[in-house]
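Colleague: I am new to this one. Could you show it to me and explain the terms as we go?

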Amino acid sequence: MSATTTPPGDRTHPTGAASSGTPVTTPGNDPLAALRAAAKARTEARAASQAAHAARRAASTRPKRSADELRAIVERGQAELHGSGLGATDEATAEQVVAWAVREFGDSIAVACSMADAVLPHVVAQQAPWVDVLFLETGYHFPETSGTRDAVEQQMEVTIVDVLPRLTVAQQDEAHGKDLWSRDPAACCAMRKVEPLTRTLGGYEVWVTGVRRDEAPTRTSTPLVTWDEKNGLVKINPLAAWSFDDLLGYAADHQVILNPLLNDGYPSIGCAPCTRRVAPGEDPRAGRWAGLDKTECGLHA
Ligand code: SF4
């Protein structure tokens, strides 16, 4: 008898095992092989989906609209989304704000993400798969934040865009002295966050932020949609009305990636040299530029 022949009705080798006792495995009968095949199929489908999106974008020829045209869209959006006022019960939900943005701006949308969590990219990507997610790569991030960025890129249907300063950390040290953040954090933020973001936003009609009204006294009147005069484009804040608990609840419900520091005493996460743990009950942003007058990096000023 051939080693690969199984007698009819031989119940001892139901999966086609050879009579020698060595199992013959195929993706159909080997759980590990089946898992690998499924993972490969997912990876290929994901790559094909991303490539199709990139090709569609490359073929799009619509130029960026003028500031006047975009301002008119903001006025329409405010009338449609703000209801009877900020915080009113008829104010639009985050999903409605994103739906409006996708209708108005198509692919010309940039999502800003600090990688404290991936909730905002998730909310937007539900309606705009492979949307650009801008990550300010300051060169000063916690390893956990860089790891979160990588996990988001590998697992979610978004396109990560690393936004780089003109100078590396070493070049900045050489030009302005070591650890500029400790002497002049405003200048450091201007070079490593504000200028690179403004430069990058020039290619979009709208940017989406995760700013919430409950985060800080400076953010209590954050609108859902507004005109960003400094950067010359529309700005939307779909999560403006959310609380921190709303954010965590959404992450739990949708299994969204969270930066591990979030559950380790860092409710607000920025660059490592400028962020410390906060005590329970302390202002969530008290750990940012602690001991200094500075409370904002200038991105949302
Ligand atoms: S948060 Fe600190 S290290 Fe990061 S850009 Fe601002 S000053 Fe520099």
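**The ligand shell and the sheet**

Modeller: Around the ligand, the shell holds nine nonpolar, two polar and two charged residues. This is a predicted model, in which local features need pLDDT of at least 70 and side-chain atom pairs count only at pLDDT 80 or more, while totals for chains, interfaces and linings use all residues. Residues are numbered from 1 along each chain as its sequence is written.

Colleague: What makes a residue nonpolar, polar or charged?

Modeller: Ala, Val, Leu, Ile, Met, Phe, Trp, Tyr, Cys and Pro count as nonpolar; Asp, Glu, Lys and Arg count as charged; the others, Gly among them, are polar.

Colleague: Which residues come nearest to the ligand?

Modeller: Of the 13 around the ligand, those are Pro-185, Cys-188, Cys-189, Cys-271 and Cys-274. A residue is near a molecule if its C-beta atom, placed from the backbone, lies within 6 Å of it.

Colleague: Which helix gives the most to the shell?

Modeller: Helix H8, residues 185-201, with five residues. Helices (H or I, at least four residues) and strands (E, at least two) are DSSP runs, numbered from the N terminus.

Colleague: Where does UniProt place the feature "binding site"?

Modeller: The unreviewed entry places it at Cys-188, Cys-189, Cys-271 and Cys-274. They span 87 residues in sequence, yet no two of their C-alpha atoms are more than 11.0 Å apart, so they gather at one spot. UniProt positions follow the numbering used here, feature names are shortened, and annotations may be inferred rather than shown by experiment. Cys-271 sits in the segment after helix H9 (244-254).

Colleague: Now the sheet. Why are E3 and E5 called edge strands?

Modeller: The open sheet has six strands in the order E3-E2-E1-E4-E6-E5, with mixed pairing. Strand E3 (158-163) and strand E5 (225-228) each pair on one side only, so they are the edges. Two strands pair if DSSP finds at least two bridges between them.

Colleague: How do you know that E1 and E2 pair?

Modeller: Strand E1 (residues 109-112) and strand E2 (residues 131-136) share three bridges, in the parallel sense. The definition asks for at least two, so they pair. Ala-110 stands opposite Asp-132 in E2. In E3, Asp-132 has Thr-159 as its bridge partner.

Colleague: What makes the unit of E2, helix H5 and E3 right-handed?

Modeller: A crossover is right-handed if, with the strands pointing away from the viewer, the path from the first strand over the helix to the second runs clockwise. E2, helix H5 (residues 143-155) and E3 make such a right-handed β-α-β unit.
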